[in-house]
Amino acid sequence: MVSPGEHDEDEADGLRKIIHVDMDAFFASVEQRDDPEIRGKPVAVGGSSGRGVVAAASYEARTFGVRSAMPSSRALRLCPDLIFRKARFDVYRAVSQQIRAIFLDYTPHVEPLSLDEAYLDVTEDRKGLGSATRIAEQIRARIKADTGLTASAGVSYNKFLAKLASDQNKPDGLCVIRPGQGAAFVASLPVRRFHGVGPRGAEKMARLGIETGADLAAKDLAFLRAHFGSFAEYLFRAARGVDLRQVRADRPRKSVGGERTFAENIENAVALRETLDAIIETVWERIERAQTRGRTVTLKLRYADFTTLTRARSVHHWVADKAEFATLGHALLAELLPLPQPIRLMGLTLSALEQDEKTVKAKAEKDGQLSLL
């Protein structure tokens with residue numbers, strides 16, 4: 001299942017061939033590549049000031065517990081020798097474009113998730129390599145040769161499994177989950193590996209006797225709904241390795257956002273505001289990276305009992321800058337304080353994006369729907 005050296009045909013008739021490619025500690029790895037003196041040392045990309053936030057951390061830094069979206073002051077407490085580098089998004093974008101060109105040499109069906117990861121549908125073997133596994137190996141080799149960076153990849157028959165697989169042998173690894181193996185692979189995983197299940201969620205599941213994918217699959221949908229609300233449907237499908245989503249090339253971006261799941265639930269107003277500040281820093285960097293702007297800011301909170309609350313505020317103009325984005329986000333939070341119970345997750349999103357409006361207009365013009373104007 002996880003041996004990259006095997007080249008058996010890894011898909012059955014009628015199933016898709018999906019690869020998920022994820023660059024290893026992308027921003028930090030670019031910095032280490034470009035400065036040999038910091039290779040092998042703990043590196044963080046972001047601001048080192050008291051209000052700074054870690055945008056990315058090298059694997060050496062992660063061994064100390066340093067993570068993205070973490071306040072820089074805390075990162076330095078965890079790792080006093082941490083080396084900070086300011087983000088160079090122009091460089092990261094250029095490298096990302098190199099990598100994207102490699103993907104497109106194998107398939108037109110590329111769905112980027114960010115600068116450093118993407119889904120590829122390689123069901124059509126346009127180079128005649130014989131299997132999705134061989135395609136993934138060749139892509140990884142070309143990325144290393146062209147950029148000097150390593151990538152991990154997961155190969156499977158749906159997006160959910162491919163993404164799980166890409167994380168299995170990181171860094172610089174490959175994992176293949178073949179038809180008929182998905183349910184067994186998921187069954188063996190701790191539920192913490194499932195996207196959206198944080199430490200507190202895993203603790204709640206443990207109290208319910210759910211520690212692995214197999215334990216989760218043993219619970220029926222009614223049980224999951226009773227304990228996890230709207231999250232139940234996702235958990236039910238994930239426990240069985242089911243995902244019917246297609247790889248969507250050039251998917252128009254509907255929003256830019258970010259969220260954090262906490263190791264411990266929080267409800268203190270000061271801690272909530274500080275956490276929101278950290279999320280604002282991360283999300284605004286993503287907004288600038290995407291070179292977009294929007295009109296609607298949405299705050300998302302998930303309470304300790306897994307119920308989710310969202311509040312949004314729209315303005316008639318484009319959100320001008322990070323300061324206005326932060327003002328709108330904090331206003332949404334202020335309206336909800338004091339909270340009725342602690343939260344386990346917080347997120348902030350900018351939507352009603354400019355490029356969405358351009359996409360709609362372009363499609364309408366193509367369809368001849370603007371001729372009456």
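A salt bridge here is a side-chain nitrogen of Lys or Arg within 4 Å of a carboxyl oxygen of Asp or Glu. Lys 300 and Glu 259 fit that description, with their closest N and O atoms 3.2 Å apart. This pair ties together distant parts of the chain: Lys 300 sits in strand β10 (residues 296-303) and Glu 259 in strand β9 (residues 255-266), 41 residues apart. Keep in mind that this is a predicted model.

The structure has 18 salt bridges. Here are some of them.

| Pair | N to O distance |
|---|---|
| Asp 34 and Arg 33 | 2.8 Å |
| Arg 142 and Asp 105 | 2.7 Å |
| Lys 300 and Glu 259 | 3.2 Å |

Take the Arg 142 and Asp 105 salt bridge, at 2.7 Å from N to O. It also links distant parts of the chain, with Arg 142 in helix α5 (residues 132-147) and Asp 105 in the loop between α4 (89-104) and β5 (110-114), 37 residues apart.

How exposed are these side chains? Arg 142 counts as partly exposed at 28% relative accessibility, and Asp 105 is partly exposed at 32%. Back at the strand pair, Lys 300 is partly exposed at 23%, as is Glu 259 at 42%.

Salt bridges that share partners also join Glu 31, Arg 33, Asp 34 and Arg 88 into one network. Within that group, Asp 34 and Arg 33 meet through their side chains. Asp 34 is partly exposed, with 37% relative accessibility, and Arg 33 is partly exposed too, with a relative accessible area of 25%.

Technical notes:
Residues are numbered from 1 along each chain as its sequence is written. This is a predicted model: local features need pLDDT of at least 70, side-chain atom pairs count only at pLDDT 80 or more; totals for chains, interfaces and linings use all residues. Side-chain values use heavy atoms; hydrogens and water are left out. Buried means under 20% relative accessible area, exposed over 50%, partly exposed in between (1.4 Å probe, protein chains only). Helices (H or I, at least four residues) and strands (E, at least two) are DSSP runs, numbered from the N terminus.
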